[in-house]
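Morning, everyone. I have one structure to show you today. Please take a look at the sequence and the fold before I start.

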Amino acid sequence: METKRIPAKLIGLIALLAAVAIVFGLVVWNASRPASTTSQPTRTVTVDGYLGGEKIGLFDDPEFGRIAAAQGLDVSYRKAGSLAMMDADQKDLDYLFPSSRIAVEYGKAQGVKAVRSDIVFNSPIVIYTHKAVADGLVSTGLMSVKDGVYRIDMAKAVTAMEANRSWTDVGYAAGYGQFRIDSTDPVQSNSGNEYAALIATVMNGGAPATTESVTRDGPRVKAIFEKSGWMETSSEDSFSQFLTLGVGSKPMTVGYESQILDLAVNKPDAFKQVKDDIVIAYPTPTVWSTHTLMALDEKGERLLDLLTSSDVQRLAWRRHGFRSVDYTGDDSIARFGVNGVVDQVTDVAELPGNQAMQALITALK
């Protein structure tokens with residue numbers, strides 16, 4: 001029986017179709033399989049800039065480092081006060097990260113040019129003190145306490161400082177010298193600068209200070225700061241001194257709410273030692289500190305995108321106590337185990353406008 005031969009053209013066509021099927025299968029398989037662990041790693045670039053001291057805990061957090069590395073960033077920093085960094089040498093830097101829009105506007109006035117800037121975190125200004133001091137001031141009405149939450153009446157406090165009241169006069173008999181609330185240097189650091197704005201606003205009858213009111217009240221504001229003597233240029237250094245030196249040297253000091261929350265999470269042993277003594281008092285009124293990143297170049301913009309990502313926003317709240325613009329955490333502030341803190345901050349004053357703030361900085365220099 002004769003065997004029929006398959007035409008050569010048909011054999012060629014079958015071979016071609018088989019080759020196409022094999023190639024197509026390989027493409028589909030490669031597209032669907034997980035990325036190889038031996039694939040080319042993301043190229044990492046270093047981002048460097050000036051950072052307010054109160055945010056160092058976040059930038060040093062290993063989890064922040066991992067999130068940044070996954071986006072190809074190695075984030076470096078140099079510590080500086082919010083206003084001081086605007087006057088410092090910024091050569092080869094990628095970002096500035098002050099603690100308020102005030103500092104941003106001050107920087108613009110000094111010729112600092114950012115390619116992009118945005119508010120990343122929020123934190124209210126608070127007063128840190130000690131239980132004995134707080135209870136003494138409650139007895140004379142400068143402070144109040146309800147449901148474990150302490151508040152300090154800023155109008156009464158300013159009046160007492162201007163009248164040169166002693167600590168005994170305001171209810172704390174163990175205090176030495178005149179009643180005062182210490183802060184950082186208001187012409188270098190944001191917390192001190194916002195405290196100055198708060199004083200100037202109180203002196204203006206509760207309305208945000210203006211250039212006219214600053215011209216009128218500037219010497220009065222300066223006299224209050226002179227009661228403190230030497231002032232730190234970093235909020236983190238000031239808070240550390242408050243914790244270290246104790247009630248005898250630092251009866252009361254200005255700071256950020258986030259600082260005690262950060263301490264509770266990241267230094268639990270230290271927090272345990274001071275937990276029953278340290279009192280966080282919310283000023284009435286208080287002001288919000290708006291931590292704003294200024295990107296100076298493309299790498300700075302990448303850092304800004306990283307900081308506003310949900311992963312970093314969540315980390316900043318849960319481990320470091322920063323309230324963001326649109327994310328305050330999915331749980332109560334009670335998670336930190338800090339006495340006397342509140343979920344909702346009330347009695348908040350608007351900060352003075354840019355021109356008034358520039359005039360205030362000039363007056364305090």
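I'll go through two pockets and then one strand. Keep in mind that this is a predicted model.

Start with the largest pocket. It holds about 330 Å³ of space. Its lining takes 18 residues, and the closest to the centre are Glu-236, Phe-239, Asp-262, Leu-263 and Lys-267. Which helices supply at least two residues each to that lining? They are α2, residues 56-59, α10, residues 235-245, and α11, residues 257-266. As for chemistry, six lining residues are nonpolar, eight are polar and four are charged.

Now the second largest pocket. Here the space is about 230 Å³. It is lined by 16 residues, with Trp-288, Thr-290, Ala-349, Glu-350 and Leu-351 closest to the centre. At least two lining residues come from each of α5 (101-109), β11 (288-295) and α15 (354-364). The class count for this lining is seven nonpolar, five polar and four charged.

Last, strand β9, residues 252-256. Is β9 mostly covered or mostly open? Mostly covered: five of its five residues are buried. That holds on both faces. Met-252, Val-254 and Tyr-256 sit on one side, Thr-253 and Gly-255 on the other, and all are buried.

What does β9 pair with? Its partner is β6, residues 116-130. The two strands run antiparallel, joined by five bridges. For one point of register, find Val-126: it stands opposite Gly-255 in β9. Gly-255 is also one of the buried residues I just listed.

That's my part. Over to you.

Terms used. Residues are numbered from 1 along each chain as its sequence is written. This is a predicted model: local features need pLDDT of at least 70, side-chain atom pairs count only at pLDDT 80 or more; totals for chains, interfaces and linings use all residues. Side-chain values use heavy atoms; hydrogens and water are left out. On a 1 Å grid over the protein atoms alone, a cavity is a set of points where a 1.4 Å probe fits but cannot get out, and a pocket is an open set with protein on both sides within 12 Å along at least five of seven lines; lining residues have an atom within 4 Å of a point. Grid points are joined across faces, edges and corners, and a volume is the space filled by probe spheres set on the points. Helices (H or I, at least four residues) and strands (E, at least two) are DSSP runs, numbered from the N terminus. Ala, Val, Leu, Ile, Met, Phe, Trp, Tyr, Cys and Pro count as nonpolar, Asp, Glu, Lys and Arg as charged, and the others, Gly among them, as polar. Buried means under 20% relative accessible area, exposed over 50%, partly exposed in between (1.4 Å probe, protein chains only). Two strands pair if DSSP finds at least two bridges between them.
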